[in-house]
Amino acid sequence: MTNIRIAFLASNKGSSFRAISDEIYTGNLDATAVLVVSNKSDSTALAYAEAQGIPNMHIPTKDVEEEADRKLYSALTKAEAELVVLSGYLRKLGPLTLTSFEGRILNVHPALLPQYGGKGMYGRNVHQAVLKNREHVTGATIHLVDAEYDHGRTIAIAEVAVLASDDITSIERRVMQAESKLLIETIREITTGNLPLPL
């Protein structure tokens, strides 16, 4: 498979989306960013997508989740997305989207699952827990998305050492770098056919 069509879901900054977009723009990744969706209207990921000329939209998820699921499914289908990548998307996906894109939705989590996963375990909360438990190793996990938080089958991991001098900010920075690199490598494996879709 070449030039894979990727849709991104991001609640806030969408750091890994930006890293992948940069790789696509420079010709280092044979893919096309076809859509960016956020559940927050003020997401900077939407502003970034707009600046890059990438189609983008806000689909609120606070009230009627069934309606949000239908809208997301419709948007992904209309964009002809072949792969959906969650980049800090802090909401569960609905059954219509999950079923229709089964084996094609990836999430990157800032820890080594199954530890430090589940509801409330995102962003700095994860790194704070890692530090509190005095772990020596943390990392990034790419997994398939299902109906539970951070639960689907693991596709790839990258380990990051926890240093004695680390605080939340320093761990977050290094794990974020590992997340982006791992996600780019995984997508490259998909584009070359080494990881055929659906996964």
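**View 1. The whole fold, with 6 helices and 7 strands.** Helices (H or I, at least four residues) and strands (E, at least two) are DSSP runs, numbered from the N terminus. Starting at the N terminus, the order of elements is β-α-β-α-β-α-β-α-β-α-β-β-α. The radius of gyration is 16 Å, close to the 16 Å from the globule rule for 199 residues, so the protein is as compact as a globular protein of that length. That radius is taken over C-alpha atoms, and the rule is 2.2 Å times the number of residues to the power 0.38. Along the principal axes, the C-alpha atoms fill a box of roughly 50 × 40 × 30 Å. A word on the model: it is predicted, local features need pLDDT of at least 70, side-chain atom pairs count only at pLDDT 80 or more, and totals for chains, interfaces and linings use all residues. Residues are numbered from 1 along each chain as its sequence is written, and side-chain values use heavy atoms, with hydrogens and water left out.

**View 2. Inside, outside and charge across the protein.** Of the 199 residues, 48% are buried. Here buried means under 20% relative accessible area, exposed means over 50%, and partly exposed is in between (1.4 Å probe, protein chains only). About 10200 Å² of the protein is exposed surface, with carbon and sulfur atoms supplying 50% of it; these areas come from the Shrake-Rupley method with a 1.4 Å probe. Take the contacts (heavy atoms within 4.5 Å) with a separation of 6 or more: 66% of them involve residues 24 or more positions apart. As for charge, the protein has 20 positive and 24 negative charges, and their mean positions are 4 Å apart. Lys and Arg count as positive and Asp and Glu as negative, while His and the chain ends are not counted. Each charge is placed at NZ of Lys, CZ of Arg, CG of Asp or CD of Glu.

**View 3. Strand β6 and its antiparallel partners, β5 and β7.** Strand β6 covers residues 137–144, and 7 of its 8 residues are buried, so the strand is largely enclosed by the rest of the structure. Strands count as paired if DSSP finds at least two bridges between them. Strand β5 (residues 105–109) is joined to β6 by 4 bridges, and L106 has L144 of β6 as its bridge partner. With strand β7 (residues 154–161), β6 shares 7 bridges; in this pairing H143 is matched with T154 of β7.

**View 4. Strands β1 and β2 side by side, in the parallel sense.** Strand β1 (residues 4–9) is mostly covered, with 5 of its 6 residues buried. The β1 and β2 pairing takes in 6 bridges, and L9 stands opposite V37 of β2. Also in β2 (residues 31–38) is S38. With a relative accessible area of 0%, S38 is buried. Setting aside residues within four places in sequence, S38 contacts A10, S11, S43, L46, M57, H58 and I59. Its C-alpha is 20 Å from that of E179, a residue 141 positions away in sequence.

**View 5. V130, a residue of helix α5 (residues 124–132).** V130 has 1% relative accessibility, so it counts as buried. Leaving out residues up to four places away in sequence, V130 touches Y116, E135, T138 and V162. V130 and V162 are 32 residues apart in sequence, with 8.7 Å from C-alpha to C-alpha.

**View 6. Two cis peptide bonds, at P114 and P198.** The bond joining L113 and P114 is cis, with omega about 10°. Look for P114 in the loop between β5 and α5. From L197 to P198 the peptide bond is cis too, with omega near -5°. P198 sits in the segment after α6 (168–191).

**View 7. Positive phi without a glycine, at E80 and R134.** E80 is not a glycine, yet its phi is about 55°. Its home is the loop between α3 (65–78) and β4 (83–86), and E80 is exposed, with a relative accessible area of 53%. R134 likewise has a positive phi, near 55°. R134 belongs to the loop between α5 and β6, and at 71% relative accessibility this arginine counts as exposed.
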